[in-house]
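Here are a few exercises to help you find your way around a new structure. Try each task yourself, then walk through the solution.

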Amino acid sequence: MLRAGSIVTCMACRNLLPSRMGVKFRVPLQKLHPLSRAIHHRYNANSNPQRPPHCSAARHYTSLSRLPMRPPKSRSGGHGYQQHRTFWVARLAARLLKLRYIVLGSAVGGGYTAKKTYDEWKDMFPDMSQYTWIVPDFVWELSENIDLAKLASALPEMEEIAKLLPDMEKIGENFTFLKSLLSSGLGSEVNGASGLLLLLETTGESALRAPDIPPTSASMSDSSDKQFKKSSDKEKVDQLQEELLRTQLKYQRMLERLEKENKELRKVVLQKDDKGIHQRKVKKSLIDLYSEVLDILSDYDSNYNTQDHLPRVVVVGDQSAGKTSVLEMIAQARIFPRGSGEMMTRSPVKVTLSEGAHHVAMFKDSSREFDLGKEEDLAALRHEIEIRMRKSVKEGQTVSPETISLSVKGPGIQRMVLVDLPGVISTVTTGMAADTKDTIFSMSRAYMQNPNAIILCIQDGSVDAERSIVTDLVSQMDPQGKRTIFVLTKVDLAEKNLASPSRIQQIVEGKLFPMKALGYFAVVTGKGSTNESIDSIKDYEEDFFQNSRLLRDGMLKAHQVTTKNLSLAVSDCFWKMVRESVEQQADAFKASRFNLETEWKNNYPRLRELDRNELFEKAKNEILDEVISLSQVTPKHWEAILQKKLWERVSTHVIENIYLPAAQTMNSGTFNTTVDIKLKQWTDKQLPHKALEVAWETLQEEFARFMAEYKGKDQDDIFDKLKEAVKEESIKRHKWNERAMDSLRVIQHNALEDRSITDKPQWDAAIQFMEETLQSRLKDTESVIEDMVGPDWKQRWLRWTNRTAEQHIRNETKNELERLLKLHDDHTAYLANDEVTTVRKNLEARGVEVDPVLIKDTWHQLYRRHFLQKSLLHCNLCRRGFYYYQRHFVDSELECNDVVLFWRIQRMLAITANTLRQQLTNTEVRRLEKNVKEVLEDFGEDTEKKVQLITGRRVQLAEDLKKVREIQEKLEAFIEALHKDK
């Protein structure tokens, strides 16, 4: 044994040395294997196995050492041999004593090596304390909040569960009896036990299914004991059927109790999860991601044949068939408005169902949560849905295609997306629009024509099946029934009203309608009272089916009844359809995105892809910049524009109604009195209104000018309609401060009362203002006279034009009146009647028939020209009259009261312009800027307004690009989450 161990050890050590080292090198002890460090051999391994071992004096012995394989050579002389022979016992004893120390050292060395190896392995493992944040907080707190021992003690014992199990021996005996009964040809009893066979199918006992046996007639010659045996056999069948029903009910109650406990536990876990949401990133649920995609698609108008074929559950049915009630049972809350026989669902309602810690509902465009456990919140939710439906319906219509998006979360709710459509009607009643029926049909077809939509067809079981309209519509949209689920409602009323309950069996087996379906269900949605709660409806539904002969007699199967089984089946079908079709839809939108991007690159290569909202924000900033530019207008510019426009507006009134009448007076006192009276009347009634109108028009014109001048190379014409609409609406909303009129009237009145011209420059400025005004009026008057009399002889020769008959008559009248003015240079402004008669007779003497009215009109223009010419001559004379003015024209024939009048008018214009400028810059510009901001905010919130004002293919293309990209991203995120969910 020792020899074998030594050989093995030597071979292990020998393998540790490379063959190229030869015998010249000796490996240090530290580089050897730990086993070789603990056990050193008597032979040192080398590349030459034929080399003899070293001298025995250099040997070291271990616990694996052995005696020499060959005896040592005999030495010369007998004395040495004798000495060797004498002390071999002592050497053997020394070796044995030394062996225990070697064993002890080996044990210590091996333990140290093992400990070091363990430490090395331990250091190789990562520090898991850094990854504790991955585990949610509620997992660490689960043991603190949930008493696992109490939960374990609450679970039923095996003995109790065993008591609930049926007596298998007794059932086996009954099955044996049934087998013999079926084989004996008792057809009538077998047909009576068809409910038992259906129940056996639902419990998974497919091996006990019996084939249908045609009924056979009993022999007329059976004895009375045979009849008694048949009756006893029938009683056994009934007992067995009742026992199976009781067993099924026990199992069902136990499952409901366990599901309730599971629901409470999940609620606790979800609540703990909600508390830790702020500590980590919020992760949206799978159904929420899918619902977001559907919301985006509802607003997407595709121009590239990329239709919305994503699955959703479409709830269709006749009016008052119970669609809304079924949806409420699935959502576990009475969330929809109710009415007695009238149409309540006026627009599609998309309901996204998902599981959550609390039973709440929320609209897509609102942050308010409705607590479905509180009756006041439920009433508020129903009221809000009704208001939204009525708002979505346009004037003159009854239903609307606009979708209302609602999400419902709660413990134990199945995840799916349902769309509740208005009920199909057969007749348009009073108060409805004429196209209501066709609108509902087209709306239902639009949702059902989606090849991946699951059609939940609701049929009222309390009315005759032949009166149904929706079944024919569903058959047209899904002839093969590959995505239709049929639901028969109000089965409790149907059982009472139908004389033949087998008719219900024909309906749920798909034999009464030509319509095909994936599955058939029968439900009860309450007793018809609007005050019933969901829990009471569930209890009533369960009690009804437990005691119903439809289930007991086998007309309905257990998995075909209750809304709970319906919701499970619809949810499974929904998610199966989603997994089968969502990737195809993602590929379709990917192709659509490529087409849109290609069109943009070809048509608008240097423009950014700005959608309608982004373009509106850009235009909004430009408009606000233009409004701000109004505050940078200099006061001098404002006053010059205001003064010019105000004089243009009032100059006619000053000349015609103030200056000309006053100039007809005979002396300066009468002139000044007339001027003061007329100026006072003008200031009290017209002048302040005219001034404010001029100021408001000036503000509008400057605003429009800045908006027009802002256009440059970078200006986008796509904003023109928007800017024009903003300008018009802002001006329409702007109202001038009414108190400014009263203060302005006082300022103007005081300015016109002042007659003191302080220096010669003011006098010269007044004369220049008067001269410019009179020259302008004289030019206008001459133009009017020229139009009245026609072209003169130069124009007739040069332009080859002639006068008309009326112009000829007016020209003759003008010549006659000019002769009259030359004779009477100081003639008054009006012709006397005898003068009119004289002029008319003189014209008639020359063969010109003229009307007196024409004579007076011609005289008015001629006298006006004559007066203006005289006033201009007088104005030139008054240029040196400032000296006489300072002396109040004493001892002077020169009177320049008209110059003083024009100075008063000029000063009033300057003061009024200054006042209006202050009001504009301090008040009105800021108010206009505020109005513009309000208009922009209103337009920004009005989607239809933005669509009207920002239009064009470029805008629509950018909108489609944004939508398609968003849809594709949402779909990819949903597909990724869907794969993880698997």
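A disulfide here is a pair of cysteine sulfur atoms within 2.5 Å. You're looking at a predicted model, where local features need pLDDT of at least 70, side-chain atom pairs count only at pLDDT 80 or more, and totals for chains, interfaces and linings use all residues. Residues are numbered from 1 along each chain as its sequence is written, and side-chain values use heavy atoms, with hydrogens and water left out.

**Exercise 1. Find the disulfide and describe it.**

Step 1: search the whole structure, and 1 disulfide turns up. Its partners are Cys878 and Cys896, with an S to S distance of 2.1 Å.

Step 2: check the twist. The angle about the S-S bond is -100°, making the link of Cys878 and Cys896 left-handed.

Step 3: place both ends. Cys878 sits in the loop between helix H32 (852-877) and helix H33 (882-886), while Cys896 is in the loop between H33 and H34, 18 residues apart. Helices (H or I, at least four residues) and strands (E, at least two) are DSSP runs, numbered from the N terminus.

Step 4: ask about exposure. Both Cys878 and Cys896 are buried, meaning under 20% relative accessible area with a 1.4 Å probe, protein chains only.

**Exercise 2. Explain why Cys875 has no bond to Cys878.**

Step 1: take the sulfur of Cys875 and look for the closest cysteine sulfur, which is in Cys878.

Step 2: read the distance. It's 6.8 Å, so the two are too far apart for a bond.

Step 3: add the setting. Cys875 is buried, as its relative accessible area is 0%.

**Exercise 3. Work out how H28 and H34 pack.**

Step 1: get the geometry. The axes of helix H28 (residues 760-789) and helix H34 (residues 897-941) come within 8 Å and cross at roughly 95°. Axes are lines fitted to C-alpha atoms, for helices over the stretch in contact, and angles run from 0 to 180 degrees between N-to-C directions.

Step 2: name the arrangement. H28 and H34 are therefore roughly perpendicular to each other, a label for angles of 65 to 115 degrees.

Step 3: pick out who touches whom. Among the contact residues are Trp763, Phe769 and Met770 in H28, and Phe902, Trp903 and Leu909 in H34. Contact means heavy atoms within 4.5 Å.

Step 4: sort by class. The contact of H28 with H34 has 12 nonpolar, 3 polar and 1 charged residues.

**Exercise 4. Trace the surroundings of Val675.**

Step 1: locate Val675 in helix H24 (residues 668-685).

Step 2: test its exposure. Val675 is buried, because its relative accessible area is 1%.

Step 3: list its contacts. Leaving aside neighbours within four places in sequence, Val675 touches Ala662, Leu901 and Arg904. Val675 and Ala662 are 13 residues apart in sequence, yet 6.2 Å apart in space, C-alpha to C-alpha.

**Exercise 5. Lay out the sheet.**

Step 1: write down the strand order. The open sheet has 9 strands, E4-E3-E5-E2-E6-E1-E7-E8-E9, with mixed pairing. Two strands pair if DSSP finds at least two bridges between them.

Step 2: find the edges. Strand E4 (370-371) and strand E9 (519-522) each pair on one side only.

Step 3: zoom in on one pair. Strand E7 (residues 454-460) and strand E8 (residues 484-489) run parallel, joined by 6 bridges. Leu456 stands opposite Ile485 in E8.

Key. Parallel < 35°, antiparallel > 145°, perpendicular 65-115°, else oblique. Nonpolar A, V, L, I, M, F, W, Y, C, P; charged D, E, K, R; others polar. Buried < 20%, exposed > 50% of the residue type's maximum accessible area, 1.4 Å probe, protein only.
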